[in-house]
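Trainee: I am new to this structure and would like a close look at a single helix, with enough of its surroundings to place it. Could you take me through it slowly?

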2 protein chains.
Amino acid sequence: VIKAAIFAIGSELLEGSIVDTNSAWIGSRLVKWGINVEEVRLLPDNIDKMVASFIEAVEKYDLIVTTGGLGPTFDDLTAEVVSKVSGREYAHNEEQFQHIVKRLAKYNIVMKENHYHQAKLPEGCKTFFNSMGTAFGFAVPCGNAYIVSMPGVPFEMKPMFDDEVLPWIGELYPLRERHIRDLRIAGKPESEVDDVIRALGFPEDIDCIINVGKGDIVVKVRGFDEEKVDSYAEAIRKPFESNFIGYGDETFPVRLVRMLKEQRLTVGFAESCTGGMMGTEVTSVSGSSSVFNGSIVSYSNDIKMKVLGVPSEVLEKHGAVSAECALAMVEGALKVLGTDCAASVTGIAGPDGGTAEKPVGTVFIGISVKGRTEVQGYSFNGDRPAIRERAVKTAFAKMIDFLK
Amino acid sequence: VIKAAIFAIGSELLEGSIVDTNSAWIGSRLVKWGINVEEVRLLPDNIDKMVASFIEAVEKYDLIVTTGGLGPTFDDLTAEVVSKVSGREYAHNEEQFQHIVKRLAKYNIVMKENHYHQAKLPEGCKTFFNSMGTAFGFAVPCGNAYIVSMPGVPFEMKPMFDDEVLPWIGELYPLRERHIRDLRIAGKPESEVDDVIRALGFPEDIDCIINVGKGDIVVKVRGFDEEKVDSYAEAIRKPFESNFIGYGDETFPVRLVRMLKEQRLTVGFAESCTGGMMGTEVTSVSGSSSVFNGSIVSYSNDIKMKVLGVPSEVLEKHGAVSAECALAMVEGALKVLGTDCAASVTGIAGPDGGTAEKPVGTVFIGISVKGRTEVQGYSFNGDRPAIRERAVKTAFAKMIDFLK
């Protein structure tokens, strides 16, 4: 099996100004194509530290994939470091230079000394075209390994990886697609899932990972033998029949949009404490416009009454965080948004606003699918972002369940 | 200066099932308190690999902070590995055990063999209480370094770090607060900002990082001498007077909420392609309810007409993605939501829906602040998430500008 390391380069990553999402994305791609990711490192913009890490990595791994450090500024050092480590000249690359000239002209940016710096790459490297930005990716052999460097901007890196880098890796090493079976289980403690897996044992040619999310557990089973993977996954799934949500890494919003499309139904939301998250997640799915009409984010009681038609008596008698209000909200959403299905969420996400009777984490969710309407109260654990995320996930899960 | 490494432990992180956000959070805390983060590593749940990484790290750094691998399942190995590396017995910890017993009872989970596994910690370790979950954190000396391990669930780890771990680190090493000055600059290429910084030179006792975001550039200046940091930052800021947005790492939504509070104004949104992101971001700020009434996510034209009152002629004549529609949306939001200020966003986030006349990335933003209303068209670069994020950021930036 080919062993890879991923380096994310940039001091801003280590001191927490930006979260590195590139490595996870690349990791999932490599694992799918049969390459094991054995290490991910975030490195500061420091020549000595970078050189030391590369030298260490080329000894241990077959492939080192890097992102970041390819811009024109003083702290963009990746091309220089890779040149050094691979024993190549750090030299002007005419192809890269012409691409920079073209991009700058397009955006009316004046050519400067630092753009000449950006046009320097390891001599004789393989280059990867950047259709979305300025910096090319490149690859060089180094010892028994290969180093592949890509820009750090995610929307530049992703098409470069899929369109150019992965096919190039496929020429170096035979890519074997891993068979992946992910199981989603809700409402069971991880210790019970663990028990089942331990009892099954761990076959050598199957990887199994338990991943505890917010409100559900994902068991990831993977290996090269499809039949073995499927039967192992099935053995884990079996004892959790009634708590099994589904296969695959299809996220809840993707699944919801797919099911609504299949059943030719439309959906809308009435959101309070989630502030627009349900709408945001559904519209993150491209093509959601055919099923999603809209969402009323009714943060103030005034909007709950005025736009959604929640009766003032409900708010006075039961408060905005109540089953009664969630019911009025979901009914209001159906009416105002003219949809077949709707969900409403109202709750206390904290850190303030909790009372003895309704502590932080109290959330009421209303679901209406094809005439069947239900409201349920929940008590979610966690901080403000966690409570909001759990509320959204729970609403989506319940809606998916109603659509089955 | 104290040198630290951060390890995020869990195979799911390397293969991209989850993005590690803990390390960035911890990194920003450590840097603020004068500790240098020299490396961040993601490690798989593999004893040999973990042991090797720890042995390497305790040679190089003073402090190794880890998250993850403290649960009850078969792939939770951190306590065992830290015991091994630090030469301690991996032993039953009664305090941790009793805490587990209490938590399980609270959530009606049956005690199992794997919970005894979770109650084993390095013998004689310092423990850190977990107020939000089951697994304690712990610390042990190892060679000349200290290893501190915390759970991987962010809302368990964060209060543990702030309330227990950081004060404990402060007893080991004198914490010196770093002075931090971040500058936000919009509408200038990074090469120009880089020119100014290169011309200024790099004083030994000042760190400077350029961070290119979506729609703005953040220059981070930090050091222990407040005066020096401020004057260096001021020298960078000066040439960008008209493109300078503000100091600090205050995000746009935090800033917007603060300014609206100060001016006792309310705000609401009319969102189309952003699908609820503006509402989501503003309500992620705790206490936003005093300024934010709500948002109308009008994804379908029907909702634009019915709820926001966009005239059907506007949609027929100019289309939903037009300056005219953005204007009608922002005016509708003011009226329906009854706010002093409003913003509207309508555009084509892609990947489908673009035309020759209005390609993907075309976005119209309407802003109305205290009676002053303006609509502007934009052409954003990037993929669907990037275009949506830029639209939100631009709307917030413009609103903040209007509020100045």
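Mentor: The buried residues of helix H9(B) are Val229(B), Tyr232(B), Ala233(B), Ile236(B) and Arg237(B). Because these residues cover an arc of only 140° around the axis, they sit on the same side of H9(B). The general rule behind such a pattern is that an α-helix has 3.6 residues a turn, so residues three or four places apart point the same way. Please keep in mind throughout that this is a predicted model.

The helix itself runs over residues 226–237 of chain B, which is twelve residues, and from its first C-alpha to its last it reaches 16 Å, close to the 16 Å expected at 1.5 Å a residue. As for what lies over the buried residues of H9(B), the cover includes strand E9 (179–185), helix H8 (190–200), strand E10 (207–212), strand E11 (217–223) and strand E12 (244–247), which belong to chain B.

Chain A also has a helix H9, at residues 226–237, and Ala235(A) is found in it. Ala235(A) counts as partly exposed because its relative accessibility is 28%, and buried would require under 20%. Leaving out residues up to four places away in sequence, Ala235(A) touches Val196(A) and Leu200(A). Along the chain, Val196(A) and Ala235(A) are 39 residues apart, while their C-alpha atoms are separated by 8.5 Å.

Back in chain B, helix H2, at residues 22–32, is another helix to set beside H9(B), and it is largely enclosed by the rest of the structure, because eight of its eleven residues are buried. Those buried residues are Asn22(B), Ser23(B), Ala24(B), Trp25(B), Ile26(B), Gly27(B), Leu30(B) and Val31(B). Just after H2(B) comes Gly34(B), which takes a positive phi of about 85°.

Further along chain B, helix H15 covers residues 384–403 and holds Met399(B), a residue that counts as buried because its relative accessible area is 0%. Once its neighbours within four places in sequence are left aside, the residues in contact with Met399(B) are Leu256(B), Val267(B), Phe269(B), Cys341(B), Ala342(B), Ala343(B), Ile367(B), Ser368(B) and Val369(B). One of these contacts, Val267(B), is 132 residues from Met399(B) along the chain, and the C-alpha atoms of the two are separated by 10 Å.

The loops of chain B deserve a look as well. Asn108(B), in the loop between helix H5 (94–106) and helix H6 (113–118), has a positive phi of about 55° although it is not a glycine, and with a relative accessible area of 71% it is exposed. Lys370(B), in the loop between E16 and strand E17 (372–379) of chain B, likewise is not a glycine and has a positive phi, of about 50°; at 52% relative accessibility, Lys370(B) counts as exposed. In the loop between strand E15 (341–347) and strand E16 (362–369) of chain B lies Pro351(B), and the peptide bond leading to it from Gly350(B) is cis, with omega near 0°.

In chain A, the peptide bond from Gly350(A) to Pro351(A) is cis, with omega near 0°, and Pro351(A) is found in the loop between E15 and strand E16 (362–369) of that chain. Another loop of chain A, between helix H14 (323–337) and strand E15 (341–347), contains Thr339(A), which counts as buried because its relative accessibility is 10%. Apart from neighbours within four places in sequence, Thr339(A) is in contact with Thr266(A), Val267(A), Gly268(A), Asn293(A), Ala333(A) and Leu334(A).

Finally, a view of chain A as a whole may help you to place these details. Its secondary structure comes to 15 helices and 17 strands, and its C-alpha atoms fill a box of roughly 75 × 60 × 40 Å along the principal axes. Of the 404 residues in chain A, 59% are buried, and among the contacts with a separation of 6 or more, 68% are between residues 24 or more positions apart. Chain A exposes about 15800 Å², of which carbon and sulfur atoms supply 49%. It has 44 positive and 56 negative side chains, and the centres of the two sets lie 4 Å apart.

Conventions
Residues numbered from 1 in each chain as written. Chains lettered and ligands numbered in written order. Predicted model: local features only at pLDDT ≥ 70, side-chain atom pairs only at ≥ 80, totals over all residues. Heavy atoms only, no water. Helix = DSSP H or I, 4+ residues; strand = E, 2+ residues; numbered from the N terminus. Buried < 20%, exposed > 50% of the residue type's maximum accessible area, 1.4 Å probe, protein only. Contact = heavy atoms within 4.5 Å. Areas by Shrake-Rupley, 256 points an atom, 1.4 Å probe, with all protein chains shown as cover. Lys, Arg positive; Asp, Glu negative; His and termini not counted. Charge placed at Lys NZ, Arg CZ, Asp CG, Glu CD. Expected span 1.5 Å × (residues − 1). Arc of directions from axis to C-beta.
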